[in-house]
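Here is a short report on one protein model. Keep the sequence and the 3D view at hand as you read.

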Amino acid sequence: MAIMEILQVKQLSFAYPDEQHQVLRDITFTVNEGDFVVLCGASGCGKTTLLRQLKPELTPVGQNHGTIYYNGNLLNELPAQQSAQEIGMVFQNPDNSIVMDVVWHELSFGMENLGYSLPVMRSRLAEIAQFFGLEPLLYKPIHELSGGQKQLLNLASVLLLQPKLLLLDEPTSQLDPVAAREFISMVYRLNREFSTTVIISEHRLEEVIPLADQMIMLEKGKLKYSGSPREVSQQIQTHRIHDLKSHDDLSDDFKYLPSVTQLFWTMQTEEAYSDLHIPLTVREGKQWLQTLDWNDGAVHAIANQSIPLSMQKMQSPERSKESILLECREVTFQYEKKSAEVLKKLDLQIYKGEMLAILGGNGAGKSTLLQLLAGLLKPRRGTVKQADHVKIGYLAQNPLLYFSHDTVAEELSTAAHYAGVAEPEVVIAKLIKQLQLEGLEQKHPHDISGGQQQKTALAIVLLLNPDILLLDEPTKGLDPLAKIALARQLLELRQAGHTIVIVTHDVEFAASYSSRCAMLFDGMITATDVPSTFFSENVFYTTAVNRVVRDWLPGILTAEEVLKLWHVPASG
């Protein structure tokens, strides 16, 4: 029986008005009915633009070339009602899609607009509420929902129209690890149980690549790799070897692979590549590690080594009473007198030169804590004490708050002028290069991708040269390579004596680059420790590599740590 093609994209190119540069260039691919497709690539590579091309109501204005077929018919000739029903889209920021004030009103909104009868609406609403476990939330005001609940509400609202094709644009970027895992599991269940075709653009590749039937990677608007995850993994590794890169080099396209896959390729001999089963999941990674000879000298050296001293020094800056720059003492906070307490007698010290990562679930109060540290909010009880002559820079989750000019260049120039930067052109040029903002200088900040907006806002804050940098979800919307560039920038700032505090859901980033981690739960800091200790006992709040290797290498969190130990010569 022939497999039905739900989508055919042929030689698609697109440029925005008054732009000679094409955002998409000669893209061709096919999606079969019921496929789960992962779309990935660097920020600004064209992922969101491509997804919008597949949803007629959202197709941007510009110069279009090529053809798109949906179920064998031209997509642009699809009747509007059929398009609205059969092609659903979930966006990165759940608040941008919600239009009503109560959960059941939001769920009903799409069906009402398409003229569904009342019995049909009631039947579908009851069914979807049970499937998603939304019954306790039906009469809740939407502003009381967590980020994960809002995103589930968005997904449920789209699914009430029973779409055949579901498009998702980085839907988990604002969710904590547990909520993100639940959301992705729900999408995968829809795909497998109802044969809903899914195309998801995502930077949490550890979670989605193992689920994919097809993986598509874009680079500067062109299709670079496509195929099953294992086929793409092989293509990337072949390309890596062809370029004569070292086995320790984990940059470029290699960073888009799951950590366990990166580890696998770097620990294999070249002759063995073609015949081995490439692991994508923690389960497959553990099965592969069990095949290694743990009595072999090199492997034995790994199992008996701790993290190298040079890495320990980077993770453990001096902490003394004199080095405290910011301190919370029994801080309690609530937004209104009769509302629930967000923070409860919270204690926290921030030390000079450290990079502290604060983790916790959606709605735990992490952003509230950061705003208290920045002095934007005042505690109801307790104190936030700041050392003398300390300048604080704060980057909020929403980068649009920092933009008031027509071009990126104007934004940066104004910020440099306000901060009194000497030689602003030199400093701005350096920041543009470090944060990979080249070519965006004359673009409007609202016309660039979410990841590029995040980096532009960070550049504005960095121009103020703060002693303490407070960052709220700085990796949101960033691809793996952009995260590495951000990490280099933050490490340079640390080496120059700056102190960094990040609130993040990105466990991999926190494990790789922070010097200390803190867990915010039930309004209090419940645990603080160095990453190797903090993450090694967790199940959800830990890295994929730690899940794979913890039986052999407890305390090891990243592929880079394993590889550094892998090359330690055997003792004796």
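## A hairpin near two paired strands

Leu520 stands opposite Ile525, and Ile525 belongs to strand 19. This is a predicted model. Strand 19 covers residues 524–529, and its partner is strand 18, residues 516–521. The two strands run antiparallel, joined by 5 bridges. Between them sit 2 residues, which makes this a hairpin. Asp522 in that hairpin takes a positive phi near 55°. As a general point, side chains in a regular strand alternate between the two faces of the sheet.

## The whole protein

Now step back. The protein has 21 helices and 19 strands. Its radius of gyration is 24 Å, close to the 25 Å that the globule rule gives for 572 residues, so the protein is as compact as a globular protein of that length. Along the principal axes, the C-alpha atoms fill a box of roughly 70 × 65 × 50 Å.

How much of the protein counts as buried? The share is 52% of the 572 residues. The exposed surface comes to about 26,100 Å², and carbon and sulfur atoms supply 50% of it.

Contacts also link distant parts of the sequence. Take the contacts with a separation of 6 or more: residues 24 or more positions apart account for 69% of them.

Charge comes next. There are 50 positive and 68 negative side chains. The centres of these two sets lie 5 Å apart.

## Two buried residues in contact

Look at helix 8, residues 229–242, and find Ser233 there. Then find Thr261 in helix 9, residues 259–267. Is Ser233 buried or exposed? Ser233 is buried, because its relative accessible area is 0%. Thr261 also counts as buried, because its relative accessibility is 0%. The cut-off for buried is under 20%.

Which residues does Ser233 touch, not counting those up to four places away in sequence? They are Leu257, Thr261, Trp265 and Ile278. Thr261 has its own list, with neighbours within four places left aside: Ser233, Ile278, Pro279 and Leu280. So Ser233 and Thr261 are in contact, and Ile278 touches Ser233 as well as Thr261.

## A helix with buried residues

Helix 13 spans residues 366–374. Its buried residues include Leu369, Leu370, Leu372 and Leu373. Lys366 and Thr368 are buried in this helix too. Just after helix 13 comes Gly375, with a positive phi of about 85°.

## Positive phi outside glycine

Gln162 and Lys345 each have a positive phi, and neither is a glycine. The table sets them side by side.

| Residue | Phi | Place | Relative accessibility |
|---|---|---|---|
| Gln162 | near 55° | loop between helix 5 (147–159) and strand 7 (165–169) | 47% |
| Lys345 | near 45° | strand 12 (residues 343–351) | 57% |

Their exposure classes follow from the last column. Gln162 counts as partly exposed, because its relative accessibility is 47%. Lys345 counts as exposed, because its value is 57%. The cut-off for exposed is over 50%.

Technical notes. Residues numbered from 1 in each chain as written. Predicted model: local features only at pLDDT ≥ 70, side-chain atom pairs only at ≥ 80, totals over all residues. Heavy atoms only, no water. Helix = DSSP H or I, 4+ residues; strand = E, 2+ residues; numbered from the N terminus. Rg over C-alpha atoms; globule rule 2.2 N^0.38 Å. Buried < 20%, exposed > 50% of the residue type's maximum accessible area, 1.4 Å probe, protein only. Contact = heavy atoms within 4.5 Å. Areas by Shrake-Rupley, 256 points an atom, 1.4 Å probe, with all protein chains shown as cover. Lys, Arg positive; Asp, Glu negative; His and termini not counted. Charge placed at Lys NZ, Arg CZ, Asp CG, Glu CD. Pairing = 2+ DSSP bridges.
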